[in-house]
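The following explanation leads the reader through one part of a protein model. It is best read with the sequence and the structure side by side.

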Amino acid sequence: MILRYFTKDEINRVSFGCDDGYERMSVKALIKYDELRHAAGFAMRPTCAFRTREYDISKKRSGNSKHCLGIAMDFHFNSMAQAIIIAIKAHELGFNGIAIDEELRFIHLDLREDELTTWDY
């Protein structure tokens, strides 16, 4: 699979607990993230992609993260305006998990199948 905007190395660099996060990500999710980057119209730098369950648990998390399922990614943003554009475009494309951390300047997006769920950190 060839994506327009995200490379295998880029995804692997921001995957945790493994060297092959790109391969562990959902193909549908990778395609959707690529579509989102195109729709946003500006560069989006991923900060977290795939995480193994073991890695999540080692960080005192539940191990049930959407990252562990290969359907979530986090992205750095430069301004709240940029984060809002990403969130709007993401929702239009079917992302139902959207969270913004204004202090650390990242937005979490995932393709959960239930209703739109939003939160902040």
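How many bridges join β3 to β4, and in which sense do the two strands run? In this predicted model, the two strands run antiparallel and are joined by five bridges. One of the paired positions is Ile100, whose bridge partner in β4 is Ile107. Four residues lie between the strands of this hairpin, and Arg105 there adopts a positive phi near 60°.

Strand β3 also pairs with β5, which comprises residues 117-120. Here the sense is parallel, and the pairing extends over four bridges. Gly97 of β3 stands opposite Thr117 in β5.

The surroundings of β3 may be considered next. The strand is mostly covered, with five of its five residues buried. In a regular strand, side chains alternate between the two faces of the sheet. For β3, Gly97, Ala99 and Asp101 belong to one side, while Ile98 and Ile100 belong to the other. Residues on both sides are buried, and both faces of the strand are therefore covered.

Attention now turns to helix α5, which spans residues 80-92. At 1.5 Å a residue, its 13 residues should span 18 Å, and the end C-alpha atoms are indeed 18 Å apart, which agrees with that expectation. The buried residues of the helix are Gln82, Ala83, Ile86, Ala87 and Ala90. Seen down the helix axis, these buried residues fall within an arc of 135°, so they line one face of α5. The elements that cover them include α3 (27-40), together with the strands β3 (97-101) and β4 (106-110). After the helix comes Gly94, whose phi is positive, near 100°.

Within α5, Gln82 merits separate attention. Why does Gln82 count as buried? Its relative accessibility is 14%, and because the limit for a buried residue is under 20%, Gln82 falls in that class. Apart from neighbours within four places in sequence, Gln82 is in contact with Phe42 and Phe77.

A final position lies in the loop between β4 and β5, where Asp114 is found. Is Asp114 buried or partly exposed? With a relative accessibility of 44%, Asp114 counts as partly exposed, because this class lies between the limits of 20% and 50%. Asp114 and Ala40 are 74 residues apart in sequence, and their C-alpha atoms are 24 Å apart in space.

How values were computed. Residues numbered from 1 in each chain as written. Predicted model: local features only at pLDDT ≥ 70, side-chain atom pairs only at ≥ 80, totals over all residues. Heavy atoms only, no water. Expected span 1.5 Å × (residues − 1). Buried < 20%, exposed > 50% of the residue type's maximum accessible area, 1.4 Å probe, protein only. Arc of directions from axis to C-beta. Contact = heavy atoms within 4.5 Å. Pairing = 2+ DSSP bridges.
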